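Open your viewer and get ready to make a few selections. We will go stop by stop, with a note on what to look for at each one.

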Amino acid sequence: MKYIDLHTHSSYSDGTMRPATLIDHAKQAGLSAIALTDHDTMAGVPEAMARGLEQGVEVIPGIEISSRHNDMFMHILGYGLQHDDPTLKDRLTKIQESRSGRNRRIISKLCKLGIKVTMADLKIYSKEGQTGRPHIARLLLDKKVVRTLHEAFSRYLRRGGRAYADRFRYEAGAAINMIQEAGGLAILAHPLSTTPRLSGIRELVKTLQDMGLAGVEVYYPAHSPGLTKILKQVTLENKMLVTGGSDFHGDNKPDITLSLAREQLSIPYSLLVEIKKQLERQSGL
Ligand code: AMP
Ligand code: ZN
Ligand code: FE
Ligand code: FE
């Protein structure tokens with residue numbers, strides 16, 4: 001059997017491994033294919049693809065876009081997009097700029113709470129890519145303001161936390177369009193983090209499908225076997241693609257390993273075959 005992992009982050013967003021190291025790690029784990037899905041950027045894709053060719057690991061160009069619909073926040077994954085599409089790059093720049101403004105607001109809130117941190121301190125935690133809340137969490141950990149990354153979120157960085165600041169997000173429909181226009185397929189990531197109720201997930205999937213959503217992330221570490229079964233049913237009933245991945249972030253999420261290393265999360269290559277068929281159909285239109 002061949003196995004895959006379609007949800008991973010590198011140091012271009014908030015993972016701790018460079019794309020090439022991530023591919024080496026995937027090779028070691030025995031994975032046949034991996035999608036690099038950094039938050040709001042595809043800058044790590046060329047490095048991952050080059051190493052993938054060397055290592056014999058198939059690399060699917062991907063992205064994870066934070067977006068919103070009504071009062072719900074969600075992450076939309078994109079697979080098979082052109083990483084250098086100029087329109088896509090422009091649209092992503094808007095998110096990236098709002099991220100840096102937000103980081104400044106978070107740092108300033110922390111300072112007001114008497115925690116002495118600066119933007120220069122933060123810069124050290126993200127060399128090549130974007131800076132997000134997990135980097136700020138590491139800074140707080142190293143400064144001994146908190147004892148765990150989890151505590152950094154629960155006390156300061158979670159939505160509603162003492163140093164939380166919001167940032168610009170595209171509407172879900174716009175995120176789906178931007179993925180499609182760059183030649184990719186849009187997938188709803190970890191639906192449980194958008195809405196914990198199953199009825200809510202059913203409704204959301206249908207609403208997003210009308211906007212062009214192609215599939216749902218069914219296999220995910222936080223999904224119990226029961227939930228996985230139901231999500232798979234909902235997805236197939238709607239004739240959509242079933243996908244899955246670990247959401248690997250390296251040391252920024254130390255409990256999460258690549259999919260094959262977890263027996264509960266073995267994702268068969270056959271899912272990728274369906275994704276590639278759909279991408280071919282789409283490009284033939
Ligand atoms: P950002 O893109 O800067 O908003 O940060 C989002 C990242 O922070 C994602 O990788 C999330 O998984 C992570 N994150 C969000 N909430 C928490 C939390 N409560 N504990 C740990 N990580 C979190
Ligand atoms: Zn992340
Ligand atoms: Fe996510
Ligand atoms: Fe993710």
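Start where the two domains meet: in this predicted model, domain 1 and domain 2 bury about 1,100 Å² between them, and carbon and sulfur atoms give 52% of that area. Now select Tyr12, Asp40 and Asn252, which supply 43% of the area that domain 1 buries against domain 2, more than any other three residues.

To colour the two parts, use 3-85 plus 172-283 for domain 1 and 92-157 for domain 2, as the domain assignment gives them. Their centres, taken over C-alpha atoms, lie 25 Å apart. At the boundary, 14 residues of domain 1 are in contact with 11 residues of domain 2.

Next, look at the polar side of this interface. There are 2 salt bridges between the domains. Select Arg18 and Glu128 to see a salt bridge whose closest N and O atoms are 3.1 Å apart. Polar contacts across the interface link 9 residue pairs. On the side of domain 1 that touches domain 2, you will find 5 nonpolar, 5 polar and 4 charged residues.

For the last stop, select the iron ion (ligand 4). Which residues hold the iron ion? Show His7 and His9, each coordinating through NE2, together with Glu64 (OE) and Asp247 (OD); the distances are 2.1 to 2.2 Å. Along the chain, these donors follow the spacing H-x1-H-x54-E-x182-D. The angles among the 4 donor atoms run from 79 to 166°, and the site is irregular. Finally, add the zinc ion (ligand 2) to your selection: 4.6 Å separate it from the iron ion (ligand 4).

How values were computed:
Residues are numbered from 1 along each chain as its sequence is written. Chains are lettered from A and ligands numbered from 1 in the order in which they are written. This is a predicted model: local features need pLDDT of at least 70, side-chain atom pairs count only at pLDDT 80 or more; totals for chains, interfaces and linings use all residues. Side-chain values use heavy atoms; hydrogens and water are left out. Domain bounds come from an automatic or database domain assignment. Contact means heavy atoms within 4.5 Å. Buried area is the accessible area (1.4 Å probe) that two parts lose on being put together, summed over both. A salt bridge is a side-chain nitrogen of Lys or Arg within 4 Å of a carboxyl oxygen of Asp or Glu. A polar contact is a pair of N or O atoms within 3.5 Å; within protein, one must be able to donate a hydrogen and the other to accept it, and residues adjacent in sequence count only if both atoms are side-chain atoms. Ala, Val, Leu, Ile, Met, Phe, Trp, Tyr, Cys and Pro count as nonpolar, Asp, Glu, Lys and Arg as charged, and the others, Gly among them, as polar. Donors are N, O and S atoms within 2.8 Å of the metal (3.2 Å for Na, K and Ca); water is not among the atoms, so sites may look incomplete. Four donors count as tetrahedral if all angles lie between 85 and 135 degrees; four count as square planar and six as octahedral if opposite donors are over 155 degrees apart and all others between 65 and 115; anything else is irregular.
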